[in-house]
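Welcome! Work through these exercises with the structure open beside you, and try each task before you read its solution.

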Amino acid sequence: MVTESQGTALFDREAWKALTAHHEELEGKQLKELFAADPARGTRYTAEAAGLFLDYSKNRVDDTTLKLLMQLAEECGLKDKIEAMFRGDKINVTEGRAVLHVALRAPRGESIVVDGQDVVPEVHQVLDKMSGFADKVRSGEWKGFTGKRIKNVVNIGIGGSDLGPVMAYEALRHYSDREKTFRFVSNVDGTDFVEAVRDLNADETLFLVASKTFTTQETMTNAHSAREWALATLKDDAAIAKHFVAISTNAKEVAKFGIDTENMFGFWDWVGGRYSMDSAIGLSTMLAIGPDQFREMLAGFHAMDVHFRTTPFAQNLPVLLGLLTVWYTDFFDAQTMAILPYEQYLKRFPAYLQQLTMESNGKHVTLEGAHVSTETGPIYWGEPGTNGQHSFYQLIHQGTRLIPCDFIGFFKSLNPLGRHHDMLMANVFAQAEALAFGKTAEQVKAEGTADWLVPHRVFEGNRPSNVILAEELTPKLLGTLVALYEHSVFTQGAIWNIDSFDQWGVELGKVLATRILGELEGDAALTHDTSTNALIERYRKNK
């Protein structure tokens, strides 16, 4: 394989060399030392934009670190790469595609040209069509085959066609139409579909089938099961057109399925699945919260887009988060990043970010095809607070691994209840403080702890975190928050010089699964390795 050293290696950049030397100097310093040396640190290391406030003071950085990280961004051409994306250049080099999720939330009147065509009017044409359909379903004008109103909406998709819609629905449930039930089916495990529809009536249920090609194996398997389930009650193929719509670009397959192509909502090959929740893939979100609130969400996305594109790096929220991730991944050997939203409505946000971050930056070659010279793509994970505190925080506080954390909190609760929100937010601030400053052996002894127990109760501290605050969780704020992480991912990919917008790593398993499926259903001779052959034979015997 080609090695990165044959091109311009990240290791060879002046800023990288300087960061390497600087890390050796900084590694032994404690956060408590950095705070003691700079009384203004807690207010100086902050940034604010588009309704989000970022406190990054509890990171293992100083002014030199930040200066060198900004220099690294400049040497890696981050500004030019940002402009190339917004301009519609084909920065997804392995697929020869533009990367224009930013166009999905561009206001009317803006212009983004791809292959000589302004795509913004097309985006708004689809949005208007979605809005008209959503209004009909929400008002009851759209009725099922037997004349009943639609009470249930089931989204069938997988990957970006599921994770984004599920996360958005849960995040914005406070704003949703509570007279309707929303379910999401993604897993090809039949249990997922059976449990989703078990208590629903077919004559009151609308299915959204989300597959760009209308050939995605898992999605179409579930869609055909949904078709059979609906027809078992409705008895007439003509009913499909009233109970199914498609989010796709394959009109031929959509019509073959029985869906009226007038009820087909399209999107474009310059929208990656994990960046598509604000496209037609978000139709379930629009049905839940309504077109006006959906457009508010788009406005939040756009506000962060503008901030990312126009703000100097030193005050640029996505750039700061992205560069800090590179700093910990490549200089502190941090393997993971914890996302800890202290907001129950954001319970699916960490799962959504897993795909956004790890499918984007889980790459081992550069844009030129050379093997990378550094670690890329940390593992993202997390749970809402305070649940996580009684689960895995022990490892973060006293384990042997360095796990940088993002705490996300809100000044106001959407469901004020006694002291609940103050207690919730007290834990945000307390956890970040405890991680940063810990508790020394001397402090533990001063509490009267027996000598033998002291080591067990010491908190080393010096564990980094960001605190992200906003007023309250609204559709607009959700858009801003998602775009913050989208652009942080972009920043990381730009530094590592990788393609954050392809996902060839999912292909091999899919190809092999298609082959093995035929073998599981037949008795053909097996030509895999001995382990796979034996597993298939055991399954054949026992299924």
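Helices and strands here are DSSP runs, numbered from the N terminus; a helix has at least four residues and a strand at least two. Please keep in mind that this is a predicted model.

**Exercise 1. A residue in a helix**

Task: Find the element that holds Asn 222, decide whether this residue is buried or exposed, and list what Asn 222 touches.

Solution:
- Step 1. Asn 222 belongs to helix 9, which covers residues 217-234.
- Step 2. A residue counts as buried under 20% relative accessible area. Asn 222 has 3%, so Asn 222 is buried.
- Step 3. Leave out residues up to four places away in sequence; Asn 222 then touches Ile 156, Val 185, Ser 186, Asn 187, Val 188 and Phe 193.
- Step 4. For a sense of distance, pick Ile 150, which is 72 residues from Asn 222 along the chain; their C-alpha atoms are 20 Å apart.

**Exercise 2. A residue in a strand**

Task: Do the same for Leu 54, and find how far its C-alpha atom is from that of Ile 408.

Solution:
- Step 1. Look at residues 52-55: they form strand 2, and Leu 54 is in this strand.
- Step 2. The relative accessibility of Leu 54 is 2%, so Leu 54 counts as buried.
- Step 3. Not counting neighbours within four places in sequence, Leu 54 has contacts that include Tyr 45, Thr 46, Ala 47, Leu 317, Leu 320 and Leu 321. Asn 466, Val 467 and Ile 468 are also in contact with Leu 54.
- Step 4. Leu 54 and Ile 408 lie 354 residues apart along the chain, and 9.4 Å separates their C-alpha atoms.

**Exercise 3. Two packed helices**

Task: Describe how helix 5 and helix 20 pack, and say which residues meet.

Solution:
- Step 1. Two packed helices are described by the angle between their axes and the distance between those axes.
- Step 2. For helix 5 (residues 78-87) and helix 20 (residues 475-496), the angle is about 125 degrees and the axes are 10 Å apart.
- Step 3. Angles from 65 to 115 degrees count as roughly perpendicular and those over 145 as roughly antiparallel. Helix 5 and helix 20 are therefore oblique to each other.
- Step 4. Their crossing is right-handed.
- Step 5. On the helix 5 side you will find Leu 78, Lys 81, Ile 82 and Met 85, which meet His 487, Phe 490, Thr 491 and Ala 494 of helix 20.
- Step 6. Sorted by class, the contact of helix 5 with helix 20 has five nonpolar, two polar and one charged residues.

**Exercise 4. The nonpolar cores**

Task: How many residues are in the largest nonpolar core, and which element gives the largest share?

Solution:
- Step 1. The largest nonpolar core holds 126 residues. Those with the most contacts inside this core are Trp 270, Leu 287, Phe 349, Leu 478 and Tyr 485.
- Step 2. Helix 20 supplies the largest share of the core, 12 residues.
- Step 3. Take Leu 478 and set aside residues up to four places away: Leu 478 touches Met 167, Ala 168, Ala 171, Leu 172, Met 297, Leu 346 and Leu 473.
- Step 4. A second, separate core has 25 residues, among them Phe 193, Met 220, Ala 230 and Leu 234.

**Exercise 5. Backbone exceptions**

Task: Locate the cis peptide bond between Gly 385 and Thr 386, then study the positive phi values of Asp 333 and Asn 497.

Solution:
- Step 1. Most residues other than glycine have a negative phi, and most peptide bonds are trans.
- Step 2. The bond joining Gly 385 and Thr 386 is cis, with omega about 10 degrees. Thr 386 sits in the loop between strand 11 and helix 16 (393-398).
- Step 3. Asp 333 is not a glycine, yet has a positive phi of about 60 degrees. The residue is in the loop between helix 14 (317-331) and strand 10 (336-341).
- Step 4. Asn 497 also has a positive phi, near 60 degrees, and lies in the loop between helix 20 and helix 21 (507-520).
- Step 5. Now check accessibility. Asp 333 has 55%, so Asp 333 counts as exposed. Asn 497 has 17%, so Asn 497 is buried.

Key. Residues are numbered from 1 along each chain as its sequence is written. This is a predicted model: local features need pLDDT of at least 70, side-chain atom pairs count only at pLDDT 80 or more; totals for chains, interfaces and linings use all residues. Side-chain values use heavy atoms; hydrogens and water are left out. Axes are lines fitted to C-alpha atoms, for helices over the stretch in contact, and angles run from 0 to 180 degrees between N-to-C directions. Angles under 35 degrees count as roughly parallel, over 145 as roughly antiparallel, 65 to 115 as roughly perpendicular and the rest as oblique. A crossing is left-handed if the near helix is turned anticlockwise from the far one by less than a right angle, and right-handed if clockwise. Contact means heavy atoms within 4.5 Å. Ala, Val, Leu, Ile, Met, Phe, Trp, Tyr, Cys and Pro count as nonpolar, Asp, Glu, Lys and Arg as charged, and the others, Gly among them, as polar. A nonpolar core is a set of buried Ala, Val, Leu, Ile, Met, Phe, Trp, Tyr and Cys residues joined through side-chain atoms within 4.5 Å. Buried means under 20% relative accessible area, exposed over 50%, partly exposed in between (1.4 Å probe, protein chains only).
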